[in-house]
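User: I'd like to learn how to read a model like this one, feature by feature. Could you walk me through it?

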Amino acid sequence: MDALDREILSILQHNGRATMTEIAAQVGLSLSSCHRRFRDLEANGVIRGFHAELDFDKLGRSFRALVFVTMDSSEHGAMTAFEEAIAAVPEVVQAQRLFGSPDYQLSIATTSMQAYQELYDSVLSQLPGVHRMQSTLVMKSVVAPRAPLGFSA
């Protein structure tokens with residue numbers, strides 16, 4: 001990956017709807033050269049897809065919590081069962097496996113504190129292999145998902 005690839009990624013990170021023609025013009029490449037680089041970035045897994053950034057408040061999911069999960073066991077089957085179970089919970093908008101303790105961080109978005117409490121009692125507390133869960137409430141988002149250092153425009 002060279003500076004032109006990083007520039008293409010920076011443009012896409014800031015505007016995922018940019019056309020190939022716009023990107024080519026901004027980085028100073030022909031359309032075919034830019035498109036070839038884009039395809040290579042996709043083929044190498046650098047670009048994994050395109051997604052819309054959603055406003056949970058406007059979607060009626062303004063109550064957000066982070067849930068830290070410590071597992072009973074680090075056995076592969078237990079982790080796999082847990083990961084499959086959380087993938088099926090629509091209120092889990094992001095899940096990350098962590099090094100050390102806790103084992104996972106879940107980002108939850110619900111309509112209200114009551115809805116979160118009901119989700120916690122009926123779904124989250126029943127997840128397989130969980131030893132302990134600790135919740136904290138999200139006050140506000142300060143930094144939206146963005147490119148790593150060195151890729152910003």
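User: Let's start with charged side chains. Which side chain meets Asp-2 in a salt bridge?

Analyst: The general idea first: side chains of opposite charge can pair when their charged atoms come close. In this predicted model, the side chain of Asp-2 meets that of Arg-37 in a salt bridge, with 2.9 Å from N to O. Asp-2 sits in the segment before helix H1 (3-14) and Arg-37 in helix H3, so the pair ties together parts that are 35 residues apart in sequence.

User: Are Asp-2 and Arg-37 buried or exposed?

Analyst: Neither label fits: Asp-2 is partly exposed at a relative accessible area of 31%, and Arg-37 also counts as partly exposed, at 21%.

User: Which other residue forms a salt bridge with Arg-37?

Analyst: That is Asp-5, and the closest N and O atoms are 2.9 Å apart. Arg-37 belongs to helix H3 and Asp-5 to helix H1, so this pair ties together parts that are 32 residues apart in sequence. Asp-5 is buried, with a relative accessible area of 11%.

User: How many salt bridges does a search of the whole structure find?

Analyst: It finds 3. One of them pairs Arg-64 with Asp-57, where the closest N and O atoms are 3.5 Å apart. Here Arg-64 is buried at 18% relative accessible area, while Asp-57 is partly exposed at 47%. Through shared partners, salt bridges join Asp-2, Asp-5 and Arg-37 into one network.

User: Now the sheet. What is the order of its strands?

Analyst: In general, strands of a sheet pair through backbone hydrogen bonds, either parallel or antiparallel. In this case the sheet is open, has 4 strands in the order E2-E3-E1-E4, and its pairing is antiparallel. Strand E2 (92-97) and strand E4 (130-137) are at the edges, each with a single partner strand, so one side of each has no neighbour in the sheet. On average, neighbouring strands are turned by 20° against each other, direction ignored.

User: How many bridges does the E1 and E4 pairing have?

Analyst: E1 and E4 pair over 7 bridges in the antiparallel sense. To find the register, pick a residue and look across: Val-69 has Met-133 in E4 as its bridge partner.

User: Which strands does H4 lie across?

Analyst: H4 lies across E1, E2, E3 and E4, and runs at about 15° to E3. H5 lies across E1, E3 and E4, running at about 135° to E3.

User: Which residues have the most contacts inside the largest nonpolar core?

Analyst: That core has 18 residues, and those with the most contacts inside it are Val-67, Val-69, Phe-82, Leu-106, Ile-108 and Leu-124. At least two core residues come from each of strand E1 (63-71), helix H4 (76-87), strand E3 (104-110) and helix H5 (113-122). E1 gives the most, with 5 residues. For a close look, try Ile-108: beyond four places in sequence, its contacts include Phe-63, Val-67, Val-93, Tyr-116 and Leu-124. There is also a second, separate core of 13 residues, with Ile-8, Ala-18, Val-27 and Phe-38 among them.

User: One last stop: where is Ser-62 found?

Analyst: Ser-62 is in the loop between helix H3 (31-43) and E1. Ser-62 is partly exposed, at 44% relative accessible area. Leaving aside neighbours within four places in sequence, Ser-62 is in contact with Phe-56, Asp-57, Thr-110 and Thr-111.

Definitions and conventions. Residues are numbered from 1 along each chain as its sequence is written. This is a predicted model: local features need pLDDT of at least 70, side-chain atom pairs count only at pLDDT 80 or more; totals for chains, interfaces and linings use all residues. Side-chain values use heavy atoms; hydrogens and water are left out. A nonpolar core is a set of buried Ala, Val, Leu, Ile, Met, Phe, Trp, Tyr and Cys residues joined through side-chain atoms within 4.5 Å. Buried means under 20% relative accessible area, exposed over 50%, partly exposed in between (1.4 Å probe, protein chains only). Contact means heavy atoms within 4.5 Å. Two strands pair if DSSP finds at least two bridges between them. Axes are lines fitted to C-alpha atoms, for helices over the stretch in contact, and angles run from 0 to 180 degrees between N-to-C directions. A salt bridge is a side-chain nitrogen of Lys or Arg within 4 Å of a carboxyl oxygen of Asp or Glu.
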